[in-house]
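Biologist: Could you take me through one part of this model at a gentle pace? I am in my first year, so please explain each term when it comes up.

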Amino acid sequence: MTKTPDMTAMFKDIMGAFPVDTAAMEDAFKTTATLNEKLSAVALSAAEKSTTISSKWAQDTLAKLAEMSKAKAEPADYAKAMTDFASAYSEAAAEHMAAFAEVAKKAQMDTVELMMAAGKDMSEDATAAVKKATNDATAAVKKAATVK
C-alpha cells in the first residue's frame, strides 16, 4: 500500500523556510495607532472650539433677548427693540459662522498635514518591509537550493 504524504509536515517545512517578520506588522500597528491619536486630537480640539463658539453665541443671544424683553414706555419702542435684536442677531450669526468656518478650515488643514505625513511614513515602512522580505526570501531560496 502507498502511504499518504503528510501535508502538515510539508507545509510546516515550507513556512519554516519562509519566516514571517512580525516586527513590520508591529511597526504598522504603532504607526496607525499614532496617526489615530493625532487625528483624534484634531477632532477633539475642533469639537472643543465649536462648543465654545456655540456657548458664546447662546450667551450673547440670551443677553440680547433679556434686553429686548424689558418693559417699554411706548408701543413703538417694542418694534424698535425687536428690530435692534434682529439686526444684532444677524451680525452675531455672521461672526459666529465665520468662527465655525475658521475651526473647520484649521481642522481640515491639520488633517491633510497628518495624512500626508502618515502616507510618507507608511510608504517608507512598506518599502523597508518589502526590501527585508525580499532579502529573507532570497536567503531562504538559496538555503533551500544548497540543502538539496
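Modeller: What follows is a walk along one long helix and the places where its neighbour meets it.

Before we start, please keep in mind that this is a predicted model: local features need pLDDT of at least 70, side-chain atom pairs count only at pLDDT 80 or more, and totals for chains, interfaces and linings use all residues. Residues are numbered from 1 along each chain as its sequence is written, and side-chain values use heavy atoms, leaving out hydrogens and water.

Our helix is H3, which covers residues 75–147. A helix here is a DSSP run of H or I with at least four residues, numbered from the N terminus. Its neighbour in this story is helix H2, residues 22–68.

Let's begin with Trp-57, which belongs to H2. Is Trp-57 buried or exposed? With a relative accessible area of 17%, Trp-57 is buried. That word means under 20% relative accessible area, while exposed means over 50% and partly exposed is in between, using a 1.4 Å probe and protein chains only. Leaving aside residues up to four places away in sequence, Trp-57 touches Tyr-89, Ala-92, Ala-93, His-96, Met-97 and Phe-100. Touching, or contact, means heavy atoms within 4.5 Å. You can also follow the chain from Trp-57 to Ser-40: they are 17 residues apart, and their C-alpha atoms are separated by 25 Å.

Thr-61 is another residue of H2. At 15% relative accessible area, Thr-61 is buried. Beyond residues up to four places away in sequence, its contacts are Phe-85 and Tyr-89. So Tyr-89 is a name to look for twice, since both Trp-57 and Thr-61 touch it.

Now look at Thr-31, also in H2. This residue is buried as well, with a relative accessible area of 19%. Thr-31 touches Met-122 and Asp-125, again not counting residues up to four places away in sequence.

Asp-125 lies in H3 and is partly exposed, at 35% relative accessible area. Asp-125 also has a second role: together with Glu-26, Asp-27, Asp-121 and Glu-124, it forms a patch of negative charge on the surface. H2 and H3 each supply at least two residues of this patch, and H3 gives the most, with three. To be in a patch, a residue needs over 30% relative accessible area and no salt bridge; like charges are joined within 9 Å, and nonpolar side chains (Val, Leu, Ile, Met, Phe, Trp, Tyr) within 5 Å. Asp and Glu count as negative and Lys and Arg as positive, whereas His and the chain ends are not counted. Each charge is placed at NZ of Lys, CZ of Arg, CG of Asp or CD of Glu. The accessible areas come from the Shrake-Rupley method with a 1.4 Å probe, and for residues only the protein chains shown count as cover.

What happens when opposite charges meet? Side chains of opposite charge can pair when their charged atoms come close. We call it a salt bridge if a side-chain nitrogen of Lys or Arg is within 4 Å of a carboxyl oxygen of Asp or Glu. By this rule there are five salt bridges, and we can visit some of them in H3.

Asp-84 pairs with Lys-80, with 2.9 Å from N to O. These two are four residues apart in H3, so about one helical turn separates them. Asp-84 is partly exposed, at 41% relative accessible area.

Further along, Glu-102 and Lys-105 form a salt bridge at 3.8 Å, N to O. They are three residues apart in H3, and about one helical turn lies between them. Glu-102 is partly exposed at 48% relative accessibility, and Lys-105 is partly exposed at 43%.

Lys-106 bridges to Asp-110, with their closest N and O atoms 2.9 Å apart. Being four residues apart in H3, this pair is also separated by about one helical turn. Lys-106 is partly exposed at 42% relative accessibility, as is Asp-110, with a relative accessible area of 24%.

To tie it together, trace Thr-31 across to Asp-125, and then find Asp-125 again in the negative patch.
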